[in-house]
Amino acid sequence: MRDTENMEAEMEYDDGEEPSFSDPEDFVDDISDQELLEDVLKDKPLEADGIDSVIVVDNVPQVGPERLEKLRNVIHKIFSKFGKITNEFYPDADGKTKGYIFLEYSAPSHALEAVKNADGYKLDKQHTFRVNLFTDFDKYMSICDEWEAPEKQPFKDFGNLRHWLEDSDCRDQYSVIYDSGERTGIFANDVKEPIEVEERARWTETYVRWSPKGTYLATFHQRGIALWGGEKFKQIQRFSHQGVQLIDFSPCERYVVTFSPLMDTKDDPQAIIIWDVLTGQKKRGFHCESSAHWPIFKWSPDGKFFARMTQDTLSIYETPSMGLLDKKSLKINGIKDFSWSPGDNIIAFWVPEDKDIPARVTLMQLPSRNEIRVRNLFNVVDCKLHWQKNGDYLCVKVDRTPKGTQGVVTNFEIFRMREKQVPVDVVEMKEGIIAFAWEPNGSKFAVLHGESPRISVSFYHVKNNGKIDLIKMFDKQQANSIFWSPQGQFLVLAGLRSMNGALAFVDTSDCTMMNIAEHYMASDVEWDPTGRYVVTSVSWWSHKVDNAFWLWTFQGRLLQKTNKERFCQLLWRPRPPSLLNLEEIKLIKKDLKKYSKIFEQKDRLSQSKASKELVDKRRAMMDEYRKYRERAADIYQEQRPLRLDLRGGVDTDELDSNIDDYEEETIEFFINEEIIPIGDL
């Protein structure tokens, strides 16, 4: 039929009449452009193409033409670190900018990074940037006038993150890595034996770290860091940082800093990343050429500031913006080292001599940047900064080469931080210094000095009358390290590694040696947070045999020897600061005798409980033996017919069962013969 119609159409065309290509009046076109031109339309530019790479920055200073170029440079410096800027537009009116600008990046990911990191950036006291994606304005314009309650998010219950503090027996916890890193366990410390709390295989790939207050346990993995906590140690947070090797927490546990030597580019710094612990978000990335002096960033005691030292520069950043304090770094020519006070927002740094300019130690208050004390030093070779735990004192160990003499002389410059104008006392040492350590909660410090085998330890007391007294000196010590109890007064002098693990337990209240002991080849010493116990250990990482950890009392009495196959690391779980104020603590110390009676009674109950547990254990073992004996007797009786059959019907179960078959034989033995002459009687 169709062929006939075509033939007719050809005949009509041959007659000289043009065919009609018009659609009939009732024709309906049901084919869309998308079906006809799909390959062409897919390349059609969209109206919104490119705008997802555009950001809008509000609260920009309104300036005239004379200051516009400077503003452009400042804006470009701030926002170019998030990616390449391809276009900038500064709207103006009446000869001034309008207070908002448009920036276009080369990629949408750069725009997202700018919004994430620059929103809330404080340019100065009057201008804090608000940064949004240009594409978000449609979203904001279409917001309904009627408020709708947000959808409830499921609550993630991680349990009580400080549950271990509620232990009725006040047991502290510690982590143990063993089996050459294959297994990690958490144990509660007990005088009798460790109590296992949690144990997992391949929990970490290298080592673990506790957060400063003990809330989180950090484990290391090739792809990043994981934080664990709660009663069952559930995963609370994870941070993706490929090849991470080192971490550091802020003192407040709000931020964590990670370092990886991999994947660092000029436009996208990834070597060091600061993360928000609660949200898991990346706050800021930094470049880092070397991690030899970790941590790169040092935190103020309240976690509000962190600082970094580079050549001739000290950069201080503030949280939560992660921007430079006052938008600029400190230019300090030749700065060698710096350290935060543990008690106040004060930074101490030192600068070596430069020609005729003496070396100096400077104390700077932050955020004001006021220099509260400067100490000039001469003929300086090196300095080390040692803060007392509460920030009451700063010791600057100064190595000098006095003119006209040979060799190095060491001075301790003691800064009294709580006194007006910060007076400085000097202690001169004639011998080489091996170790220095402050008493954590006091005004004493200990120094190991001399050379092996004539090593001495000296104890000094910083008095309120402006004097520093030598309390006691012990000579002929086998020690290269000083470990103070966290509560002060007691310390351990340890000869680690090359000194074969010699240990001396000292009470500094009267400077007596409480005990001298040895843990052969000990590599580490760790005090528990309360100062009641101390652990010495031989790590598989440093020594391949005799891997174990020993638990001692603060007096040097050995309580436990725990051998773990290829034991690697033990870390006590820190405790947060006490909620009690100084007055309440003093009152407790005053009434200690009253409390001690309660604890002595509890100890006796604990011992009797231990005895009861031992008796119960033995009873259970005896009951088990009796049940086993009864089962064996039943089996013996069941096998009786088989025994009779094997022995021809002779019952051998009882000794007198076949008495009729017995044959009696009498056997005489010649034992002795004695002849007694009658005449002698």
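In the predicted model described here, strand 17 contributes five residues to the lining of the second largest pocket, which is the largest share of that lining. This strand spans residues 282-286, and at least two lining residues also come from each of helix 5, strand 19 (305-310) and strand 20 (313-318). The space within the second largest pocket amounts to about 810 Å³. Its lining comprises 31 residues, of which Lys81, Pro269, Arg284, Gly285 and His287 lie closest to the pocket centre. When the lining is divided by class, 14 residues are polar, 10 are charged and seven are nonpolar.

Strand 17 also takes part in the aromatic pairing of the model, in which 35 aromatic pairs are found in total. One pair joins tyrosine 174 and phenylalanine 549, whose ring centres are 5.9 Å apart and whose planes meet at 75°, so that the arrangement is classed as edge-to-face, the class for planes over 60 degrees apart. Because tyrosine 174 belongs to strand 7 (residues 173-178) and phenylalanine 549 to strand 41 (residues 548-553), this pair ties together parts separated by 375 residues in sequence. Tyrosine 174 is buried, with a relative accessible area of 2%, and phenylalanine 549, at 3% relative accessibility, likewise counts as buried.

A further pair is formed by phenylalanine 286 and phenylalanine 297, with ring centres 4.7 Å apart and planes at 55°, and the pair is therefore tilted. Phenylalanine 286 lies in strand 17, whereas phenylalanine 297 lies in the loop between strand 17 and strand 18 (298-299), so the parts tied together here are 11 residues apart in sequence. Both of these phenylalanines are buried. Phe286 and Phe297 belong, moreover, to a cluster linked by ring pairs, which also includes Tyr255, Trp299, Phe306 and Tyr317.

Attention may next be given to the nonpolar cores. In soluble globular proteins, nonpolar side chains tend to be buried together. The largest nonpolar core of the model consists of 23 residues, and the residues with the most contacts inside this core are Ile55, Val57, Ile75, Phe79, Tyr105, Phe129 and Val131. At least two core residues are supplied by each of strand 1 (54-58), helix 4 (65-79), strand 5 (100-105), helix 5 (108-118) and strand 6 (130-133). When residues up to four places away in sequence are not counted, isoleucine 55 touches a set of residues that includes Phe79, Ile101, Leu103, Tyr105, Ala111, Val115 and Val131. A second core, separate from the largest one, contains 18 residues, among them Ile346, Trp387, Val396 and Met417.

Notes. Residues are numbered from 1 along each chain as its sequence is written. This is a predicted model: local features need pLDDT of at least 70, side-chain atom pairs count only at pLDDT 80 or more; totals for chains, interfaces and linings use all residues. Side-chain values use heavy atoms; hydrogens and water are left out. A nonpolar core is a set of buried Ala, Val, Leu, Ile, Met, Phe, Trp, Tyr and Cys residues joined through side-chain atoms within 4.5 Å. Buried means under 20% relative accessible area, exposed over 50%, partly exposed in between (1.4 Å probe, protein chains only). Helices (H or I, at least four residues) and strands (E, at least two) are DSSP runs, numbered from the N terminus. Contact means heavy atoms within 4.5 Å. On a 1 Å grid over the protein atoms alone, a cavity is a set of points where a 1.4 Å probe fits but cannot get out, and a pocket is an open set with protein on both sides within 12 Å along at least five of seven lines; lining residues have an atom within 4 Å of a point. Grid points are joined across faces, edges and corners, and a volume is the space filled by probe spheres set on the points. Ala, Val, Leu, Ile, Met, Phe, Trp, Tyr, Cys and Pro count as nonpolar, Asp, Glu, Lys and Arg as charged, and the others, Gly among them, as polar. Rings of Phe, Tyr and Trp (its six-membered ring) pair if their centres lie within 6.5 Å; planes under 30 degrees apart count as stacked, over 60 as edge-to-face and the rest as tilted.
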